[in-house]
Amino acid sequence: MDCRLFLLAVFVISLAYVAAQEQPEITKAILPEIKRKGLTAYLNCTVTRQGTSKVFWSHKQRRLEITQDDQVTVGERFNQVVNGLPKYEIFRLPDGDGWTYQLVVHRLSQIDIGTYICKIQVTGTGETKEKFGKLLVLVPPDIQNGKTTHTLSVPKGGSAKLTCAAEGYPMPNITWFRPNGKAIPGRGYSYNGETLYLEDVTLDNRGMYRCVANNNVRPPATFDATLFIEFAPEATPVQSTYGQATNRQFDLTIECIISGYPPPTLHWYKITEGGGRKAITDDDWHSINTLLSHGNFLSISERWYQLTIRNVRARDLGDYVCEETDLCQGANCPKNVNDINSAKRNVIATSIVFISVTLSCLLYQW
Ligand SMILES: *[C@@H]1O[C@H](CO)[C@@H](O)[C@H](O)[C@H]1NC(C)=O
Ligand SMILES: *[C@@H]1O[C@H](CO)[C@@H](O)[C@H](O)[C@H]1NC(C)=O
């Protein structure tokens, strides 16, 4: 081999070696950070032989240049100050014969998730060196109001779709169950999934359905959806015969329980001697009351109605009718039902109960 050529090769190699020696380097891997929402994350980039080269931190997915050396360079819009604390801080800390550029991210939120790049721009050469660091932000589940079912009305025998949408990181799992301890029709006691479909619903299926969103980041989120089943009213007298003495300044209250959804309208009638019906109005002699809830006695979509006849006289004796008319019109119609259901609801359904008021022995002592 030509001696000169050999010497030249040695010279070139050692030049390259010296050049490499003088190049700045990122010496350590950037450890991933996993922190809960709202807390602070720290990412370290340790550099040796920095010389006059510049060190940058940026967010890869957002293409956001955050720092240059020990200065935060990102705009105010991305670096808001809350309670005197900016979103980003950068610290230059001595580390052996080099420096650690510590990027601090305050008030962690979902937007901060991603890959952070620490980059050295080598002076003079235009060369860059980089290392990546991952940041995960754990976000507890949050139910999304607009996409989650609050209440739903479906006709008896129809099908229902209950949706529970949740956000969080990691993506939460959704579980449905019934707070009353009953089984979910056709699904056992719990069901996993964002959307719960119920087919051929019965009156037993009405009531509350609870969804729980869980991703193991405390606390889980819960939401209650209420399912109403529309059905023709059914009337039940509380007592079908009432005994009463007349002309003794007594008031008499007759009662009727109606179930039906949407809440129907109730009418009271008295059967006349000719067999016809006379509507009873809320007047001096009668008072008509609706007891919407009666402790735990009434189930959802049941109402208790009372008719009080003041100062019962002989002419008040006879048969009374409480009649439910279920007519869906305008504001009475349930919301969120599709047109087919609304059309169905315009059919009048009636349910009639006879209640007799008879003369009975006077048991009172005077
Ligand atoms: C970052 O560097 C600082 C200073 O060297 C050190 O105290 C800290 O523990 C490091 N943090 C991480 C997450 O590596
Ligand atoms: C969701 O449930 C599945 C199956 O039970 C489980 O493997 C997964 O880890 C759960 N995800 C979360 C975020 O809890």
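**Exercise 1. Decide whether C164 counts as buried or exposed, and find its partner.**

Step 1. C164 has 0% relative accessibility, so C164 counts as buried. (Buried means under 20% relative accessible area, exposed over 50%, partly exposed in between, with a 1.4 Å probe and protein chains only.)

Step 2. C164 and C211 form a disulfide, with sulfur atoms 2.0 Å apart. (A disulfide is a pair of cysteine sulfur atoms within 2.5 Å.)

Step 3. C164 sits in the loop between β14 (160-163) and β15 (166-169), and C211 sits in strand β19 (residues 207-214), so the link ties together parts 47 residues apart in sequence. (Helices, H or I with at least four residues, and strands, E with at least two, are DSSP runs numbered from the N terminus.)

Step 4. C211 also has 0% relative accessibility, so C211 counts as buried.

The model is predicted: local features need pLDDT of at least 70, side-chain atom pairs count only at pLDDT 80 or more, and totals for chains, interfaces and linings use all residues. Residues are numbered from 1 along each chain as its sequence is written, chains are lettered from A and ligands numbered from 1 in the order in which they are written, and side-chain values use heavy atoms, without hydrogens and water.

**Exercise 2. Give the handedness of the link of C45 and C118, and place both residues.**

Step 1. The angle about the S-S bond is -75 degrees, and the link of C45 and C118 is left-handed.

Step 2. C45 lies in strand β3 (residues 41-48) and C118 in strand β11 (residues 114-121), 73 residues apart.

Step 3. Both C45 and C118 are buried.
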